[in-house]
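Hi,

Here is the structure I said I would pass on. Have a look at it first, and then read my notes below.

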Amino acid sequence: MSFRVEAAQNQIIENRSNPINQKIDRKFSSFLTESLQKQTTATEMKISNHAQKRMEERDIQLNHSDLTTIEGAVEELNQKGSKNSLIIYKDMALIASIDNRTIITAMNANEMETITNIDSVKKINV
């Protein structure tokens with residue numbers, strides 16, 4: 001049995017781009033544009049699990065129209081710099097995180113006694 005070694009020709013290996021090593025645009029304008037795009041798509045209200053349980057216990061129901069009205073109030077509170085707000089709407093009182101656009105808890109308006117850790121109140125007239 002004999003072995004023969006031949007000279008290999010130089011081969012050019014194609015340089016495939018590795019997604020891990022791709023350049024990322026780190027310009028301020030890119031971050032600003034991305035941030036603004038995220039803000040415009042994040043206008044939908046969320047209801048926390050805690051608030052959902054309280055709403056079920058108290059037979060509080062919100063329909064699409066109610067949520068749209070509350071979203072408008074949250075947007076106004078956001079523009080004024082609020083962080084955690086009491087929103088009084090119809091016969092209910094909602095505590096909302098304005099930054100997260102999340103209803104944190106819900107109660108009937110006649111249950112309100114002492115409310116803490118809020119920086120604003122918004123009453124929505126119906």
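Let me start with a residue in a turn. Lysine 90 has a relative accessibility of 45%, so it counts as partly exposed. You'll find lysine 90 in the loop between β2 and β3. Its backbone is worth a look too: phi of lysine 90 is near 55°, a positive value in a residue that isn't glycine. For background, most residues other than glycine have a negative phi.

Before going further, a word on what you're looking at: this is a predicted model. The mean pLDDT of the protein chain is 82, with 71% of its residues at 70 or more. Confidence is lowest in helix α1 (residues 28-41), where the mean is 65, and highest in β2, where the mean is 97. So please keep that in mind when you look at α1.

Back to lysine 90, which also takes part in a salt bridge. Its side chain meets that of aspartate 66, with N and O 3.0 Å apart. This pair ties together distant parts of the chain, since aspartate 66 sits in helix α3 and lysine 90 in the loop between β2 (84-89) and β3 (92-97), 24 residues away. The two ends of the pair are not alike in accessibility: aspartate 66 is buried, at 4% relative accessibility, while lysine 90 is partly exposed, at 45%.

How many salt bridges does the structure hold? There are six, and here are two others I looked at. As a reminder, side chains of opposite charge can pair when their charged atoms come close.

- Arginine 54 pairs with glutamate 57, and their closest N and O atoms are 3.1 Å apart. Both belong to helix α2 (residues 49-57); because they are three residues apart there, about one helical turn separates them. Arginine 54 is partly exposed at 23% relative accessibility, and glutamate 57 is exposed at 57%.
- Glutamate 111 pairs with arginine 58, with 3.0 Å between the closest N and O atoms. Here too the pair links distant parts of the chain: glutamate 111 is in the loop between β4 (102-108) and β5 (120-124), arginine 58 is in the loop between α2 and α3 (64-79), and 53 residues lie from one to the other. Glutamate 111 has a relative accessible area of 34% and is partly exposed; arginine 58, at 27%, is partly exposed as well.

Now the sheet. It is an open sheet of five strands with mixed pairing, in the order β1-β4-β3-β2-β5. β1 (46-47) and β5 stand at the edges with a single partner strand each, so one side of each has no neighbour in the sheet. Helix α2 packs on the sheet, where it touches β1 and β4, and its direction makes about 20° with that of β4.

β4 has a partner on either hand. β3 and β4 run antiparallel and are joined by six bridges, with leucine 94 standing opposite alanine 106 of β4. β1 and β4 run parallel and are joined by two bridges; lysine 46 has threonine 102 in β4 as its bridge partner. Is β4 mostly buried or exposed? Five of its seven residues are buried, so the rest of the structure largely encloses β4.

The hairpin of β3 and β4 has four residues between the strands, and arginine 101 takes a positive phi near 55° there. Arginine 101 is buried, at 9% relative accessibility.

Finally, the inside. Which residues have the most contacts within the largest nonpolar core? They are Ile70, Ile87 and Leu94, in a core of 18 residues. α2, α3, β2, β3 and β4 each give two or more residues to this core, and α3 gives the most, with four. Leucine 94, which we met opposite alanine 106, touches Ile70, Ser85, Leu86, Ile87, Ile103, Thr105 and Ala106, leaving aside residues up to four places away in sequence. There is also a second, separate core of five residues, among them Leu86, Ile88, Ile95 and Met107.

If you want a place to begin, try leucine 94 and follow its contacts, including Ile70 and Ile87.

Cheers

How values were computed
Residues are numbered from 1 along each chain as its sequence is written. This is a predicted model: local features need pLDDT of at least 70, side-chain atom pairs count only at pLDDT 80 or more; totals for chains, interfaces and linings use all residues. Side-chain values use heavy atoms; hydrogens and water are left out. A salt bridge is a side-chain nitrogen of Lys or Arg within 4 Å of a carboxyl oxygen of Asp or Glu. Buried means under 20% relative accessible area, exposed over 50%, partly exposed in between (1.4 Å probe, protein chains only). Two strands pair if DSSP finds at least two bridges between them. Contact means heavy atoms within 4.5 Å. Axes are lines fitted to C-alpha atoms, for helices over the stretch in contact, and angles run from 0 to 180 degrees between N-to-C directions. pLDDT is the predictor's confidence in each residue, from 0 to 100. A nonpolar core is a set of buried Ala, Val, Leu, Ile, Met, Phe, Trp, Tyr and Cys residues joined through side-chain atoms within 4.5 Å.
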